[in-house]
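Got your viewer open? Let's walk through this protein one selection at a time.

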Amino acid sequence: MTRTKAPQGVATTGLGNRCRRVTSAWMKSLFSLPKKAVRVLRGHLRRLWVRVTVFGLLAVAVIPLSQLVERILPEEWQSLIAGASVDRLLDIIAAAMLTVTTFSLTVMVSTNHATASQFTPRLQQLIRQDTVTQNTLATFIGSYVYALTAIVLREVSYIGDEKALVMFGVTVFMLALIVWSLIRWMQHLQSLGSLISSARQVEDKTALQFRQRLDTPCLGAVPLTEEVPEDGFVVIAPETGYVQMIHPEPLQTLAEELNCDIYLLAEIGDFVFLRSPLAKVCGASDLDEDTRKRLSNALHSNIVIGDERTYDQDPRFGLMTMAQIGSKALSPGINDPGTAIDVINRCGRILSAYRDETEGDGEALHPRLHVRPLDAEVLIGDAFDSVARDGAAVREVQERLQKVLGGLMRHPDPELSEAAQSRADEYLERAKQALDWAQDRQRLERAAERREGG
């Protein structure tokens, strides 16, 4: 009896496991697309024209809605405000917003050019995506569009003098919103494009991306620490450019459906050439040509390639931008070691949050994907190499490097600690050869001894 019931139990269990796998795959496919959609939508919302367009459409949509509300109000209320009062306010908004918007755009363009020439062109991305600037410009342009639309509708008698109460209230609200935006904009202009503000902006963005990456190690995939299997077929890059973003959820769903594993050969931030290896699909040798094309198309659409690196999902780019600011400050034309020291401190603060992505105790969110983890040695090099090279002959910069790297040597992660030790010794030897005065070399050696002594 036991031998006859065992196959049935196995079959029942196998059927239940298949049902659970199908249900799990369906649920993951249901929730994978929204995550990708939110990621893409967030990127679009950072564009100035999107916010301006959305605000302008909302401003125009308010006008017919105000007329609908007007019909609900008692008739004695509708005659409380004359249409001429609304006309005066609309004329003020239309005249003022054109001038203010032109001024604001001029300030934004000037700030972009100033930060690119004084600090680094990589800052322009953050300046363009500044939320205060974008919301202010969207408010000004949207208010201008609202005023023009209302004036036109008043001229064609769509909004009569006897139905101007709600329109008056909406216009007063728009004026209050404009005044609040102007105050906020004036406060923001005090620091917009300044060195401290720009460095803090890069640090905050990089620290955020660093935390998000470490909270979801390897984008939720399995850490790729060994050699990629030889079997399988390679998906090549469709164009030349930087890997800007990876959407792992749809790839995991497709890999589960086809019962294969996807090894991502290109990391976020890598510069890939046309037809260079982008990913390798293993365990799918029996797939037909159409399925392989489907896999290739999925990888091409979910591994975004562009002409420049972006800060999203790429903490290394933020560290490199910080290093470029410090390196530019050490150029003979600027000669500002204090900025380089500030950058070193900020990079050390970011790297202090490092965790080994291979030591996660939980199951990978996307077990069919394999992604290389962040390398502590590469991160140290991104943050400090250029500053150590360009500031090799500046004792104050080298002392701060030794101090910050000494702090990172005491980090609980052994990989980061060893990388900091190796780089600190390397920077010390370079600086000793670059420093001409013996007293500077002795002071730097004492700083290195204090570093080692804790």
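Which order do the strands of the open three-stranded sheet have? The order is S5-S3-S7, and the pairing is antiparallel. Two strands count as paired if DSSP finds at least two bridges between them. Helices (H or I, at least four residues) and strands (E, at least two) are DSSP runs, numbered from the N terminus.

Before you click on, a word about the model: it is predicted, so local features need pLDDT of at least 70, side-chain atom pairs count only at pLDDT 80 or more, and totals for chains, interfaces and linings use all residues. Residues are numbered from 1 along each chain as its sequence is written, and side-chain values use heavy atoms, with hydrogens and water left out.

**Stop 1: the three-stranded sheet**

Select 271–272 and 303–306. These are strands S5 and S7, the edge strands of the S5-S3-S7 sheet, and each pairs on one side only. Now add residues 241–246, which form strand S3. S3 and S5 run antiparallel and are joined by two bridges. To see where they face each other, click Gly-241: opposite this residue stands Val-272 in S5.

**Stop 2: the five-stranded sheet**

Next comes another open sheet, this one with five strands in the order S1-S8-S4-S6-S2 and with mixed pairing. Colour 221–223 (strand S1) and 233–236 (strand S2): both stand at the edges with a single partner strand each, so one side of each has no neighbour in the sheet. From one strand to the next, the twist averages 30°. Angles here run from 0 to 180 degrees between N-to-C directions, and axes are lines fitted to C-alpha atoms, for helices over the stretch in contact.

Inside this sheet, select 261–264 (strand S4) and 277–282 (strand S6). Four bridges pair them in the antiparallel sense. One residue to click is Tyr-263, whose bridge partner in S6 is Lys-280.

H10 packs on this sheet, where it touches S2, S4 and S6, and its direction makes about 45° with that of S2. Contact means heavy atoms within 4.5 Å.

**Stop 3: helix H10**

Select 289–302 to light up helix H10. Turn back to the three-stranded sheet: H10 also lies across S3 and S7, and it runs at about 55° to S7.

**Stop 4: Ser-104**

Show helix H4, residues 83–118, and find Ser-104 in it. Is this residue buried or exposed? Ser-104 counts as buried, because its relative accessibility is 1%. (Buried means under 20% relative accessible area, exposed over 50%, and partly exposed in between, with a 1.4 Å probe and protein chains only.) The Ser-104 side chain reaches the backbone oxygen of Val-100 at 2.9 Å. Apart from neighbours within four places in sequence, Ser-104 is in contact with Leu-137, Phe-140 and Trp-185.

**Stop 5: Arg-39**

Move to helix H1, residues 2–45, and pick Arg-39. This arginine counts as buried, because its relative accessibility is 17%. Draw a C-alpha to C-alpha distance from Arg-39 to His-247: the two are 208 residues apart in sequence and 8.5 Å apart in space. Setting aside neighbours within four places in sequence, the contacts of Arg-39 include Met-245, Ile-246, His-247 and Gln-313.

**Stop 6: two loops**

Select Cys-218, in the loop between helix H8 (195–215) and S1. Its phi is near 55°, a positive value in a residue other than glycine. At 0% relative accessibility, Cys-218 counts as buried.

Then jump to Asn-259, in the loop between helix H9 (248–258) and S4. Asn-259 is not a glycine either, yet has a positive phi of about 55°. Asn-259 is partly exposed, with a relative accessible area of 48%.

**Stop 7: the cysteines**

How many disulfides are there? The count comes to zero, where a disulfide is a pair of cysteine sulfur atoms within 2.5 Å. Try Cys-282: the closest cysteine sulfur is in Cys-260, 8.9 Å away, which is too far for a bond. Cys-282 is buried, with a relative accessible area of 5%. Cys-347 counts as buried too, at 0% relative accessibility.

**Last stop: zoom out**

Show the whole protein, with its 16 helices and eight strands. Buried residues make up 45% of the 454 residues. Of the contacts with a separation of 6 or more, 83% come from residues 24 or more positions apart.

Notes
Polar contact = N/O pair within 3.5 Å; in protein donor to acceptor, adjacent residues only side chain to side chain.
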